[in-house]
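Me: Could you take me through one part of this model closely? I'm new to reading structures, so please go step by step.

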Amino acid sequence: MSFDDTIVAIATANAIGSISIVRVSGKDALNIALALSKRKELTPRYATLNTLYDSKNEVLDEALILYFKNPFSFTGEDIVEFQCHGGLAISSLVVDEVIKQGARLAEPGEFSKRAFLNGKIDLTKAEAIAKIIEARSEDAVKLLAKQLKGELVEFVESIREDLLFMLAYTEVNIDYAEEDLPEDIFLQIEQKLQKIMEKLHDTLNASRRREGLIEGFKVAIIGKPNVGKSSLLNKLLNFDRAIISDIAGTTRDTIEESVKIGTHLIKIVDTAGIREASDVIEKIGIEKSLEAVNEADIIIALFDNSKKVDAEDKKILELLESITDKEVITVLNKVDLDAQFDKSVLFSHIELSTKQSINPLVQALEKLLDNNSSTEGMTLISKRQVSAVEETLGYILQANMPLQTGELEFFAHHINEALQHISNITRPYQHDEMLDVMFGSFCLGK
């Protein structure tokens, strides 16, 4: 892959719509646009309505042409956008003609990659762009928009600044012992170290809680066979997605569907009834049910009001007691039938009938989703960012002991490693940055 090439791609969804945008980026973008429009020039940042022609001089479409001259564009290169009439065929014809003029089809994410390499965006913004396209809730969009505005960059820079401060003063103490240093310098370092540890720890915890907000919350429906799990799924979806019957074990595999609850698009998983399996296929289905429980953010546990509590119900209750890191909504279904279930075994629950209204459950689910969707505070949005912060925190924790014992070389080593890892989130750390702090703060080399 060469970044000297001019690239083209359809920038809008691959579907029928009112407008379809074809984006071209690279050194030949302007010449290609002039060839297709038969114009002699295009004014930067000015929308021009023009007919587009192919190489045989046949009309392709009438489109708006926007030209962004480098470096004042998303990629930092010349960019031309053709805003064509919506449709699958028209935009594809324009792309084909652009390729005939010397461009090539862009690789996935290549426009953003060029923007990053040309210094137009940093890694945090590139990741936020990718995530915001896939956002599954309004709150996720708000949270990702904060990262687009540079919130994470500011967070990382503040930590880098404090770590550079610690490293610079430590190196001065090691190499230039005669230099006059503030008497409370190591107290300052210890205080900064503690604040950084708290900040990173809080950020990691908040990010783990909000992982479902970014990736989309996953809700698993569990219960013994015939409690109404598939009926509940069908009611939530408002159509018959799952097969319903009185035969125990009808659902033998997990069924996943997306549904909107309030402002959240969530993935609902209907699981096989959890019990002692009667055959190999059912056993596999139950194993998948338990996997779905582990992967879910929220568990909906169903019990049958019309049946007495049995060993299978108790097995579900034991499973719920073992769940400590997930939200659980307990539902007593089939309240339209004669009550046989001992409600005292349920600590807190919602009563309903899937044949009637499930509004109480929907309201409870929406409340839980809203409570887990706070956009306040810093949030890491990718596994790469989380890993970088975990590594940083690990080295800072290791640095604490040599600081207390006065082993400054070891302390400096751990702080240097912490700097390297936190900097991986935005921009690589250069050793010269620490030297700039040292020689900018002290009268060294007199």
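In which helix is Thr203 found?

Reply: Happy to help! Keep in mind that this is a predicted model. Thr203 belongs to helix α7, which covers residues 185-209. Its relative accessible area is 5%, so Thr203 counts as buried, the cut-off for that word being under 20%. What does Thr203 touch, leaving aside its neighbours within four places in sequence? The contacts are Phe155, Met378 and Leu380.

For contrast, try Asn226. This residue lies in the loop between β7 (218-222) and α9 (229-237). Asn226 is called partly exposed because its relative accessible area is 29%. The unreviewed UniProt entry lists Asn226 under "binding site", together with Ser245, Ile247 and Thr250.

Now let's look at another helix, α2. With 13 residues, 88-100, this helix reaches 19 Å from its first C-alpha to its last, close to the 18 Å expected at 1.5 Å a residue. Buried residues in α2 are Ser91, Val94, Val95, Glu97 and Val98. They sit on the same side of α2 because they cover an arc of only 165° around the axis. On the face turned away from that buried side you will find Ala89 and Lys100, which are exposed. Just after α2 comes Gly102, with a positive phi of about 120°.

What does α2 pack on? To see that, start with the sheet itself. The sheet is open and has 6 strands in the order β3-β4-β5-β2-β1-β6, with mixed pairing. At its edges stand β3 (48-53) and β6 (104-105); each has a single partner strand, so one side of each is left without a neighbour in the sheet. The pairing of β6 with β1 (residues 7-10) is parallel and runs over 2 bridges. In one of the bridges, Val8 is partnered by Leu105 of β6.

Helix α1 (residues 29-37) packs on this sheet, where α1 touches β2 (19-25), β3, β4 (59-68) and β5 (79-85). The direction of α1 makes about 75° with that of β3. Helix α2 also packs on the sheet, touching β1, β2, β3, β4, β5 and β6. Its direction makes about 175° with that of β1.

Terms used
Residues numbered from 1 in each chain as written. Predicted model: local features only at pLDDT ≥ 70, side-chain atom pairs only at ≥ 80, totals over all residues. Heavy atoms only, no water. Helix = DSSP H or I, 4+ residues; strand = E, 2+ residues; numbered from the N terminus. Expected span 1.5 Å × (residues − 1). Buried < 20%, exposed > 50% of the residue type's maximum accessible area, 1.4 Å probe, protein only. Arc of directions from axis to C-beta. UniProt positions renumbered as here; feature names shortened; annotations may be inferred. Pairing = 2+ DSSP bridges. Contact = heavy atoms within 4.5 Å. Axes fitted to C-alpha atoms, helices over the stretch in contact; angles between N-to-C directions.
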